[in-house]
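User: Hi! I am new to this structure and would like to learn how to read its features. Could you walk me through a few of them?

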Amino acid sequence: SEQIHIIDCDRLGHEAYTAGTPCHQALLSHFGRENIASPEPPYPIDRSLLGRLVFSDPTLLKDLNSIVWPEILRKILTIVEEIKYKALEQDQNHKRPVVILDAAVLLQAKWNKMCHEVWLTVLPQSEAQRRLCERNNLSPKAASERLERQASAVAEVTGGYTWFEAGQYHSYKSPLDYAHVILSTEWDPECSQYQVEKSWKALQQRL
């Protein structure tokens, strides 16, 4: 649908690492070219090296986020303005465009403050660990440590439990309390499709 626009924030993060950009230069300067980049010009960021470095130290992870997140936000706002301008030009029968931010760090980066709604997907920690091992070729221990750091970062922002703990306690301070719609990637595809379509129809009525 021309009404729906999906902004892939992970892709924008990859773009922020592009060699020669101000963000790329800031990363090399802060972490050291020899620690995070390929040895040959233009010294592209080696994401595996960078990941091992920052996920071994919470302070370094915060440093990375402080450099990359503002650049991602700048790109998000630029895209949103382009969408708004195009919608005004086309008029689209007065249909308001819907912009979806696909962002794993939505709460940590506090980008939810510029969203009308938050849709959250959840899954058990054991399954998240299995998928991370498979995707990033990590050991179970390394995957578990990475997930714990990411989950703790969410808890810092929400002032409560991590997303893995949220379903175990009666709390009003968890990521779930920020969500208008909650889905699970462990459901059968047909069930997920049904829930997404149902939630989308409800959203259409609220627009």
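Analyst: Happy to! Keep in mind that this is a predicted model. Let's start with one residue: glutamate 71 is found in helix H5. Its side chain is joined to that of arginine 74 by a polar contact of 2.7 Å.

User: Which residues does glutamate 71 touch, not counting those up to four places away in sequence?

Analyst: They are Ala16 and Cys23. Ala16 is a useful lead, as it is one of the H1 residues that meet H5.

User: Then let's look at H1. Which residues in helix H1 are buried?

Analyst: H1 spans residues 9-16, and its buried residues are Cys9, Leu12, Gly13 and Ala16. Here is the general idea: an α-helix has 3.6 residues a turn, so residues three or four places apart point the same way. Now the case here: the buried residues of H1, Cys9, Leu12, Gly13 and Ala16, cover an arc of only 105° around the axis, which puts them on the same side of H1.

User: What covers the buried residues of H1?

Analyst: The cover includes two strands, S1 (4-8) and S2 (98-102), along with helices H2 (22-31) and H5 (58-90).

User: How do the axes of H1 and H5 cross?

Analyst: The two axes come within 9 Å and cross at roughly 120°, and the crossing is right-handed. On the H1 side, Cys9, Leu12, Gly13, Glu15 and Ala16 take part, and they meet Val68, Glu71, Ile72, Lys75, Ile76 and Ile79 of H5. By type, the residues of this contact are seven nonpolar, one polar and three charged.

User: What caps the N-terminal end of H1?

Analyst: Aspartate 8 does: one of its side-chain oxygens lies 3.1 Å from the backbone nitrogen of aspartate 10.

User: Can we try the same buried-face reading on another helix? Which residues are buried in H4?

Analyst: In H4 the buried residues are Leu50, Gly51 and Val54. Seen down the axis of H4, they fall within an arc of 100°, so they line one face of the helix.

User: And the loops? Where does proline 42 lie?

Analyst: Proline 42 lies in the loop between helix H3 (33-36) and helix H4 (47-54). For a peptide bond, look at omega: the bond joining proline 41 and proline 42 is cis, with omega about 5°. Tyrosine 43 lies in that loop between H3 and H4 too. For tyrosine 43, look at phi, which is near 60°, a positive value in a residue other than glycine.

User: Which other loop residue can I look at for a positive phi?

Analyst: Try asparagine 137, whose phi is near 55°. Asparagine 137 lies in the loop between helix H6 (125-136) and helix H7 (140-158).

User: How do I read accessibility? Is asparagine 137 buried or exposed?

Analyst: Compare the relative accessible area with the cut-offs: under 20% is buried, over 50% is exposed, and partly exposed is in between. Asparagine 137 has 69% relative accessibility, so it counts as exposed. Tyrosine 43, with a relative accessible area of 21%, is partly exposed. Serine 199 has 13% and is buried.

User: Where does serine 199 lie, and what is it in contact with?

Analyst: Serine 199 is part of helix H8, which covers residues 189-206. Leaving aside neighbours within four places in sequence, serine 199 is in contact with Trp119 and Val181.

Key. Residues numbered from 1 in each chain as written. Predicted model: local features only at pLDDT ≥ 70, side-chain atom pairs only at ≥ 80, totals over all residues. Heavy atoms only, no water. Buried < 20%, exposed > 50% of the residue type's maximum accessible area, 1.4 Å probe, protein only. Helix = DSSP H or I, 4+ residues; strand = E, 2+ residues; numbered from the N terminus. Arc of directions from axis to C-beta. Contact = heavy atoms within 4.5 Å. Polar contact = N/O pair within 3.5 Å; in protein donor to acceptor, adjacent residues only side chain to side chain. Axes fitted to C-alpha atoms, helices over the stretch in contact; angles between N-to-C directions. Left-handed = near helix turned anticlockwise from the far one by under 90°. Nonpolar A, V, L, I, M, F, W, Y, C, P; charged D, E, K, R; others polar.
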